[in-house]
Amino acid sequence: VRLISLLNDQINLRLIHILQTNQFPDLPTKWAYLVLGSEGRREQTLKTDQDNAIIYSDDLNSAEIEMITRFAQALIDSLIEIGVPECPGGIMAKNQFWRRSIGDWKDAIDSWIATPSGENILNFSMFSDMRTLWGDTGLEQELCVHVIQRAKENGIFLAHMAANVCRFPPPLGLFGRIKTIKQGPHAGKIDLKKGGIFALTEGIKTLALEIGVLDGSTHDKLCRLQEREVLSDKQVGDLEAAFNLLTFFRLRSQVAAAAAKRDPDNYIAPSSLNRVQKGRLKVALEVVDSFQGALSSHFQLNMLRR
């Protein structure tokens, strides 16, 4: 996943260089192009799309902002042209919502936290994985300080983030059996992202925000949570093993799909696994289930108003 993320970083940087050299030689300074979500954590797989944003200084003039706007549109259109899918949710720097001054971004983050709707939790979560790929890193650092401060001041919002994580239980049925999709194009399969990986990355991110940790991969955040004794050594070992296994199965399935000239996705058929692999998958999903229970207890979700 780090290799795939590095490749995507280099594609982005090469396109930025080409556009700046050929079309935008007079780009202003004091702005930054951010990657978000899994790319921000350097955890991309073969099924990926764009999640990016732009942040610029409050003191840029209208002509400078207009040039950044045209550059952002050209960059995202170029990414789409060479085969990088656009984000279905529109989380791309070519859209005005994801292109703002640092003051406007701070206001947006404050409004998201004030109203913890599903959409606002998603937006905040995306920005909790931001990473400057090109431009002024000082803007990202300033915004990171703001995000961390607001998160630590708003335990109720973090509880809502945790509740959102717990909305997606792992596909385990009676007696711990793996519960597959019953009908449709993915019948007989499970969704590894929705049924496990999402809960791990988002739950670990929420715990990390509570102690003021924003940057880094899921592994990095687990290490910080272990150092701060938020999670025990055993919990960290179980969570890391579960995350690694689910990501491995996800990647292997995507590689097989690409080799067969099918579109990679996040699904896997347990029937395609041998007995040992299926047993390991079941244990990993049980770790996810246990982690969601721990999150519910930690953030006292039974006390949360729905």
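This short talk covers one pocket, one buried asparagine and the cysteines of a predicted model.

I will start with the pocket. The second largest pocket has a volume of about 230 Å³. Its lining consists of 13 residues, and those closest to the pocket centre are Ser253, Tyr267, Ile268, Ala269 and Ser272. Two elements give two or more residues to this lining: helix H10, spanning 233-259, and strand S6, spanning 267-268. Of these, H10 supplies the largest share, with five residues. Sorted by class, the lining of the second largest pocket has seven nonpolar residues, four charged and two polar.

Next, Asn123. This residue sits in helix H5, which runs over residues 118-127. Is Asn123 buried or exposed? Its relative accessible area is 5%, under the 20% cut-off, so Asn123 counts as buried. Which residues does Asn123 contact, once neighbours within four places in sequence are left aside? They are Phe97, Trp98 and Trp112.

Last, the cysteines. A disulfide is a covalent bond between the sulfur atoms of two cysteines. How many disulfides does a search of the whole structure find? The count is zero. For Cys87, relative accessibility is 8%, so this residue is classed as buried. Cys166 has a relative accessible area of 24%; that value lies between the cut-offs of 20% and 50%, so Cys166 is partly exposed.

To recap: H10 gives five residues to the lining of the second largest pocket, Asn123 is buried at 5%, and the search for disulfides returns zero.

Note on methods
Residues are numbered from 1 along each chain as its sequence is written. This is a predicted model: local features need pLDDT of at least 70, side-chain atom pairs count only at pLDDT 80 or more; totals for chains, interfaces and linings use all residues. Side-chain values use heavy atoms; hydrogens and water are left out. Helices (H or I, at least four residues) and strands (E, at least two) are DSSP runs, numbered from the N terminus. Buried means under 20% relative accessible area, exposed over 50%, partly exposed in between (1.4 Å probe, protein chains only). Contact means heavy atoms within 4.5 Å. A disulfide is a pair of cysteine sulfur atoms within 2.5 Å. On a 1 Å grid over the protein atoms alone, a cavity is a set of points where a 1.4 Å probe fits but cannot get out, and a pocket is an open set with protein on both sides within 12 Å along at least five of seven lines; lining residues have an atom within 4 Å of a point. Grid points are joined across faces, edges and corners, and a volume is the space filled by probe spheres set on the points. Ala, Val, Leu, Ile, Met, Phe, Trp, Tyr, Cys and Pro count as nonpolar, Asp, Glu, Lys and Arg as charged, and the others, Gly among them, as polar.
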